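Reader: Got a minute to walk me through this fold? I'd like to start with the sheets.

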Amino acid sequence: MKNNIYKCFGISKSDAMSLLSSLVSQENGVDINFSGEGLLCDIEISANDNNIYFYDYTREIFEKFSQFIYAETNISLEETVFELLKLRKMKISTVENLTGGEIISNLFKKNENAKDIIEEGLILCSTSSKTNRLGLNFENSNIGVQETYEMAQNLLSSTKADIVISSSGYLDSSNQNYGTVFLAIGNHERIDVYKNKFSGTRKEIIETASQASLFYLIKKLRKNDF
């Protein structure tokens with residue numbers, strides 16, 4: 001039996017099924033199964049060893065989903081980050097506002113030897129904490145790209161980590177910007193900030209933002225792979 005699995009982030013199970021509906025409807029002895037919740041989706045493909053269509057299917061699926069794929073083995077986002085950082089002998093630090101420690105906590109909980117890749121994790125909620133810990137002046141700034149960029153930039157200058165993540169955004173349901181999330185991924189060469197709009201409950205937005213930050217980190221670490 002031949003099997004392939006594509007671990008994806010950024011597309012729902014229903015959207016993935018819709019995108020591959022024409023392949024699924026074909027009767028060529030190839031099974032395609034979908035699983036996942038939210039913006040996490042697993043696509044598993046299997047067929048008998050002598051099936052001549054299997055590799056055509058895998059090629060088409062990869063081409064359609066390459067922008068969403070973070071792994072081709074049954075491994076989580078957190079485990080993928082751990083493996084990539086450990087392989088490169090790198091350490092990570094985070095400064096979290098919107099995600100409230102979810103990013104660093106999940107990395108720690110889901111990897112037995114997380115201390116090998118984690119330098120530190122900060123949760124900074126108030127303006128004064130950001131100023132005192134990171135030396136930032138937020139007097140005239142609002143939550144957004146610039147603030148999130150500077151959080152990452154100043155963390156890089158004060159930590160021994162090789163790469164950092166910062167998060168900010170809006171979780172007040174009465175605010176028109178509710179669900180808007182800013183995530184910065186950076187090293188000493190470049191810092192990228194991603195603006196997202198996530199829906200759902202407060203808890204769901206935090207979880208999705210945490211997953212998104214790790215996905216962006218994986219893409220940065222593997223930028224030459226795809």
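Author: Sure, one term before the sheets: two strands pair if DSSP finds at least two bridges between them. Helices (H or I, at least four residues) and strands (E, at least two) are DSSP runs, numbered from the N terminus. This is a predicted model, where local features need pLDDT of at least 70, side-chain atom pairs count only at pLDDT 80 or more, and totals for chains, interfaces and linings use all residues. Residues are numbered from 1 along each chain as its sequence is written, and side-chain values use heavy atoms, with hydrogens and water left out.

Reader: OK. What's the strand order in the open sheet of 5 strands?

Author: The order is 6-5-7-8-9, and the pairing is mixed. Strand 6 (118-123) and strand 9 (191-197) are the edge strands, each pairing on one side only. From one strand to the next, the twist averages 10 degrees. Axes here are lines fitted to C-alpha atoms, for helices over the stretch in contact, and angles run from 0 to 180 degrees between N-to-C directions.

Reader: How do strand 5 and strand 6 run, parallel or antiparallel?

Author: Parallel, with 5 bridges joining strand 5 (residues 92-96) to strand 6. If you want a spot to click on, V95 has L122 of strand 6 as its bridge partner.

Reader: Which helices sit against that sheet?

Author: Helix 7 (residues 145-158) lies across strand 5, strand 6, strand 7, strand 8 and strand 9, and it runs at about 150 degrees to strand 7. Helix 8 packs on the sheet too, touching strand 5, strand 7, strand 8 and strand 9, with its direction making about 30 degrees with that of strand 8.

Reader: Tell me about helix 8. Why call it largely enclosed?

Author: Because 16 of its 20 residues are buried, helix 8 is largely enclosed by the rest of the structure. Buried means under 20% relative accessible area, exposed over 50%, and partly exposed in between (1.4 Å probe, protein chains only). Helix 8 reaches 29 Å from its first C-alpha to its last, close to the 28 Å expected at 1.5 Å a residue; the expected span is 1.5 Å times one less than the number of residues.

Reader: And the largest nonpolar core, how many residues has it got?

Author: It has 35 residues, and L85, I92, I163 and L217 have the most contacts inside it. A nonpolar core is a set of buried Ala, Val, Leu, Ile, Met, Phe, Trp, Tyr and Cys residues joined through side-chain atoms within 4.5 Å. Helix 8 gives the largest share of this core, 10 residues.

Reader: What does L217 touch?

Author: Leaving aside neighbours within four places in sequence, L217 is in contact (heavy atoms within 4.5 Å) with V81, I92, I163, I165 and I185. Apart from this core lies another one, of 19 residues, including Y6, L23, A47 and Y57.

Reader: Switching topic: where is S168, and is it buried or exposed?

Author: S168 is found in strand 7, and at 0% relative accessibility it counts as buried. Its side chain makes a polar contact with the side chain of T148, at 2.6 Å. For that term, count a pair of N or O atoms within 3.5 Å; within protein, one must be able to donate a hydrogen and the other to accept it, and residues adjacent in sequence count only if both atoms are side-chain atoms.

Reader: Now the open sheet of 4 strands. What's its order?

Author: The order is 2-3-1-4, with antiparallel pairing. Strand 2 (31-35) and strand 4 are the edge strands, and the twist averages 30 degrees from one strand to the next. Strand 1 is joined to strand 3 (residues 40-47) by 8 bridges and to strand 4 by 2. Residues 2-9 make up strand 1, and 6 of these 8 are buried, so strand 1 is largely enclosed by the rest of the structure.

Reader: Any bridge partners in strand 3 and strand 4 I can look up?

Author: Try F9, whose partner in strand 3 is L40, and C8, whose partner in strand 4 is I69.

Reader: Last one: what's odd about the phi of K89?

Author: K89 has a positive phi of about 55 degrees although it is not a glycine. Most residues other than glycine have a negative phi. K89 sits in the loop between helix 4 and strand 5 and is exposed, with a relative accessible area of 78%.
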